[in-house]
Amino acid sequence: MKYQVVNIEDVRWLLGHTGGFRSGYVTDVQVSKRRLLDEASGREVLAGTTVTVVIRYRIRQMARVAKLTMTGVTDFSMFEQEGADCSTLGVIQAELTDGKLRFWFDPQGELYVVCEEAQLEEVAAPSLEPLSLEQVAQWTFQSGMPDWPSVTWLLAELDVAGVPCTWRATVLSPGSHSAIQWEGDLLPASMQGAGDATGVHCMLYGPLDGPGFGVVLRVRGLQDRRTGQVLSLLADLIVQRFSGQCLVGNTIIPDGEWQNWKSFGQLRGADG
């Protein structure tokens, strides 16, 4: 999901949608400056500053990773001292004054940005149990397309690709999130008969934040060559068939860039 924040109505939507990122935490802050050569003086001049803040938070039983990209930045402050940590959020404040957006990411103003406009990119999924140290790989995909993959489609595509799997469905409990459409484990045929085999856990959910769906793939237990192969292949099959964004750890990967970015050695436990 992408949303441009320019006017006061957009600010109200942002705070309403995110709940002000209440009780979330900042995982990444990046500052980039663009410079151009002034031919008259022969010097480089500042042509724009962009600040990107990545926030993990939970709201309405959904775990969300949001990337807020603020462009045309005219003032920026990130101040930590004496053990202070401005990554933990209470609730952010935002306002529009004299055509400028102002964001206070903590009450003390230790993380503060003034900019011309902002863009929110976000990937969300029903809250899962936190990953343990043995749960090392997770991949999330979210699409705005109205049609979504079925278990039958996944099994057929894996079979064509030469990695046949069986499906072990998870019985959804009464407390399961209402957006979950199906959930279970894909087990490579070569693992059949192994009592402790867990394979790749898959969950499909939607619609969410408008039309579309999301898929979470995660390895329960130590990832070996077979489960790693299935996870990688599943991700490739999904992004080739559907348009959308991927999430690995705290990194949101834009539509169409997965194949260039992909490195499953980087898949590490996140907060689910």
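How much area does the chain expose, and what share of it do carbon and sulfur atoms supply? In this predicted model, the exposed area is about 13400 Å², with carbon and sulfur atoms supplying 49% of it.

**Figure 1. An overview of the chain, with its four helices and 16 strands.** Let's start with the whole fold. The chain has 272 residues, and 46% of them count as buried. Among contacts with a separation of 6 or more, 62% link residues that lie 24 or more positions apart.

**Figure 2. A close-up of the largest pocket, whose volume is about 270 Å³.** The lining is made up of 13 residues, and those closest to the pocket centre are Gln30, Lys67, Asn250, Thr251 and Ile252. Three elements each give two or more residues to this lining: β2 (25-38), β3 (43-59) and β16 (251-253). Sorted by class, the lining residues are six nonpolar, four polar and three charged.

**Figure 3. A close-up of Cys165 and Cys202, two buried cysteines.** Cys165 has a relative accessibility of 12%, and Cys202 has one of 1%. For Cys165, the closest cysteine sulfur belongs to Cys202, at 8.8 Å. Looking back from Cys202, the closest cysteine sulfur is that of Cys165. A disulfide calls for sulfur atoms within 2.5 Å, so the 8.8 Å between these two sulfurs is too far for a bond. The disulfide count for the model is zero.

Conventions. Residues are numbered from 1 along each chain as its sequence is written. This is a predicted model: local features need pLDDT of at least 70, side-chain atom pairs count only at pLDDT 80 or more; totals for chains, interfaces and linings use all residues. Side-chain values use heavy atoms; hydrogens and water are left out. Buried means under 20% relative accessible area, exposed over 50%, partly exposed in between (1.4 Å probe, protein chains only). Contact means heavy atoms within 4.5 Å. Accessible areas come from the Shrake-Rupley method with a 1.4 Å probe; for residues, only the protein chains shown count as cover. On a 1 Å grid over the protein atoms alone, a cavity is a set of points where a 1.4 Å probe fits but cannot get out, and a pocket is an open set with protein on both sides within 12 Å along at least five of seven lines; lining residues have an atom within 4 Å of a point. Grid points are joined across faces, edges and corners, and a volume is the space filled by probe spheres set on the points. Ala, Val, Leu, Ile, Met, Phe, Trp, Tyr, Cys and Pro count as nonpolar, Asp, Glu, Lys and Arg as charged, and the others, Gly among them, as polar.
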